[in-house]
Amino acid sequence: MISIALPKGRLGEKVYALLARVGYACSEFSPENRKLVFCDERNGVRYFWVKPSDVAIYVALGAADLGVVGKDILTEYNPDVYELLDLNMGKCDMAVAAPKGFTDDMERPLRVATKFTHIARDYYERSNREIQIIKLNGSIELAPILGMSDVIVDIVETGTTLRENNLEVVTKIMPISTRLIANKVAYRFESDRIDRLTKRLEEAL
């Protein structure tokens, strides 16, 4: 069987629907129950639900042959996997945002709140801007509101949360979308099957 790690939530369900449409349906699959692993021997697939930020780890370590993960995770953590296909789902942007009317004081390091520390450092290094990283895991928008940071680096989809908190996008760093990834060893031994699945997805998209 080909093992596929899907991110929990609506995105994972959407990806599964696409896979089912191109011939990789699973008779056991149901997003409503609490079961984590679903197998279908007839179609030769096994799916399991994974926290979105953990998908690349399961794939890199060989627990899954394939996985579905955002480009933000691939860029931030640089896992040892093959990136096979852009699924054009979950589209958003990695961006710098700040309070409305913010002006950068170049006389001191810029305080940047983010959970994407590698992406933030890389972006500002390319800009030759000295920064102080403030690592947060949630409610990033709160940091500039409370004066803890000057700006944030985070994923922006609709911008609603920013607007409701008097913040705005200063610059977009990179577009984000969902990617199909493969374990390198699995791809070496199952390249024909994996390429066939990838080709079907590409044609469906």
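Two strands pair if DSSP finds at least two bridges between them. Strand β1 (residues 2-7) and strand β3 (residues 45-50) clear that bar, with six bridges in the parallel sense. The model is predicted. One open sheet has six strands. Another open sheet has five. Helix α1 lies across strands that include β1 and β3, and helix α4 lies across strands that include β6 and β9.

**The six-stranded sheet**

- The strand order is β2-β3-β1-β4-β11-β5. The pairing is mixed, and the sheet is open.
- Strands β2 (37-40) and β5 form the edges. Each of these edge strands pairs on one side only.
- From one strand to the next, the twist averages 25 degrees.
- Within the parallel pair of β1 and β3, A5 sits opposite F48 of β3.
- Helix α1 (residues 10-21) lies across β1, β3, β4 (66-70) and β11 (178-183). The helix runs at about 145 degrees to β1.

**The β2-β3 hairpin**

- Strands β2 and β3 run antiparallel and are joined by four bridges.
- D40 has V45 in β3 as its bridge partner.
- Four residues lie between the two strands of this hairpin. G44, in the turn, has a positive phi of about 65 degrees.
- Which side chains of β2 are buried? F38 and D40 are, and they point to one face. V37 and C39 point to the other face and are not buried.

**The five-stranded sheet**

- Here the order is β8-β7-β9-β6-β10. This sheet is also open, with mixed pairing.
- The edges are β8 (131-135) and β10 (167-176), and each pairs on one side only.
- The twist averages 25 degrees from one strand to the next.
- Helix α4 (residues 117-126) lies across β6, β7 (110-114), β8, β9 and β10. Its direction is about 170 degrees to that of β8.

**Strand β9 and its partners**

- Strand β9 (residues 151-156) pairs with β6 in the antiparallel sense over five bridges.
- D93 has V156 in β9 as its bridge partner. V96 stands opposite V153 of β9.
- Strand β7 pairs with β9 in the parallel sense, over three bridges. T114 stands opposite V153 in β9.
- V153 therefore has V96 opposite it and T114 opposite it as well, while β9 is largely enclosed by the rest of the structure because five of its six residues are buried.

**Asparagines with positive phi**

- Most residues other than glycine have a negative phi.
- N78 has a positive phi of about 50 degrees, although it is not a glycine. N78 lies in the loop between α3 (71-77) and β5 (81-86).
- Is N78 buried or exposed? N78 is exposed, with a relative accessible area of 64%. The cut-off for exposed is over 50%.
- N88 is not a glycine either, and has a positive phi of about 55 degrees. N88 sits in the loop between β5 and β6 (92-99).
- At a relative accessible area of 43%, N88 is partly exposed.

**Surface features**

- L142, I145, L146 and M148 form a nonpolar patch on the surface. Together they have about 390 Å² of accessible area.
- L142 belongs to helix α5 (residues 142-145). L142 is partly exposed, at 44% relative accessibility.
- R34 is in the loop between α1 and β2. R34 is exposed, with a relative accessible area of 82%.
- How many Å separate the C-alpha atoms of R34 and K100? The separation is 43 Å, and the two residues are 66 residues apart along the chain.

Key. Residues are numbered from 1 along each chain as its sequence is written. This is a predicted model: local features need pLDDT of at least 70, side-chain atom pairs count only at pLDDT 80 or more; totals for chains, interfaces and linings use all residues. Side-chain values use heavy atoms; hydrogens and water are left out. Buried means under 20% relative accessible area, exposed over 50%, partly exposed in between (1.4 Å probe, protein chains only). Axes are lines fitted to C-alpha atoms, for helices over the stretch in contact, and angles run from 0 to 180 degrees between N-to-C directions. Contact means heavy atoms within 4.5 Å. Patches are made of residues with over 30% relative accessible area and no salt bridge: like charges are joined within 9 Å, nonpolar side chains (Val, Leu, Ile, Met, Phe, Trp, Tyr) within 5 Å. Accessible areas come from the Shrake-Rupley method with a 1.4 Å probe; for residues, only the protein chains shown count as cover. A salt bridge is a side-chain nitrogen of Lys or Arg within 4 Å of a carboxyl oxygen of Asp or Glu.
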